[in-house]
Amino acid sequence: MTEQAGRAPSGDTRGSGPGEWQGRAAAASCARALAILTGLVVAYYLVPLEAGTTLATALLLLCGLLAVMLVFGWEAWMIMHSPHPRLKAVEALIATVGLYLVVFASVYHIIEHDTPGSFSEPLTRTDALYFALTTFSTVGYGDITALSEAGRVTVMCQMVCGLLLVGVAVRLLAAAVEAGLRRKGTGREP
């Protein structure tokens, strides 16, 4: 007697259909994205944020932006080699944007801590994260504004980098997904 299509040799039908594997992959992808985002936010609240000088703050921002680029590059490579490139692209976007926001929120918090009055109100870590998110989303409620030169320069930097992240990164992620789908379709490793 032959096995029915879709049945595991043991007779167990759980996990044997392609739809269930895709569902598991989507659930795993969501779990990883949530874990990454949670880890970034927890680290943001736990890591001591003190720079002391404008140069140290600028170096922190540059190193943070370099880390964003490295994470993005790694994620693009992972997309191209993933069995589920579209799901991996969503993870990559969440990881990259999450890191980007945490970097700028950290810098805003340090600027306000080192030079009180740099913003229209004192920034707690939550306020700094809120400000970074409203600036990134271009909503800019106007309740918090940069008053110091260092604060304004940092906000301008976030605006320019945000435009690049949305414009260039999304296009590159789409290209990585296409490459991953082509590789997956050929059934061979590059």
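This note goes through the core, the salt bridges, one short helix and a surface patch of a predicted model.

1. Basis. The model is predicted, so local features need pLDDT of at least 70 and side-chain atom pairs count only at pLDDT 80 or more, while totals for chains, interfaces and linings use all residues. Residues are numbered from 1 along each chain as its sequence is written, and side-chain values use heavy atoms, with hydrogens and water left out.

2. Core. The largest nonpolar core (buried Ala, Val, Leu, Ile, Met, Phe, Trp, Tyr and Cys residues joined through side-chain atoms within 4.5 Å) has 38 residues. Y44, I79, Y100, F104, Y108 and F119 have the most contacts inside it. Helices α1 (18–46), α2 (54–80), α3, α4 and α5 each supply at least two of its residues, and α3 gives the largest share, 14 residues. Helices here are DSSP runs (H or I, at least four residues), numbered from the N terminus. Buried means under 20% relative accessible area, exposed over 50%, and partly exposed in between (1.4 Å probe, protein chains only).

3. Two residues of interest. Contact means heavy atoms within 4.5 Å. Leaving out residues up to four places away in sequence, F104 touches L61, L65, A132, T154, C157 and Q158. H109 sits in helix α3 (residues 85–114) and is buried at 13% relative accessible area. With neighbours within four places in sequence set aside, H109 contacts Y44, L49, L123, T124, R125 and A128.

4. Salt bridges. The count is three, a salt bridge being a side-chain nitrogen of Lys or Arg within 4 Å of a carboxyl oxygen of Asp or Glu. R32 pairs with E91 at 2.8 Å; this pair links helix α1 to helix α3 across 59 residues. E75 and K88 pair at 3.3 Å; E75 is in α2 and K88 in α3, so parts 13 residues apart in sequence are tied together. K88 and E91 also pair at 3.3 Å, and both lie in α3, three residues apart. Shared partners join R32, E75, K88 and E91 into one network. R32 is partly exposed at 41%, whereas E91 is buried at 2%; E75 and K88 are both buried.

5. Helix α4. The twelve residues of α4 (residues 125–136) should span 16 Å at 1.5 Å a residue (1.5 Å times one less than the number of residues), and the end C-alpha atoms are 16 Å apart, in agreement. Its buried residues are R125, A128, L129, F131, A132, T134 and T135. T138, which follows α4, has a positive phi near 60°.
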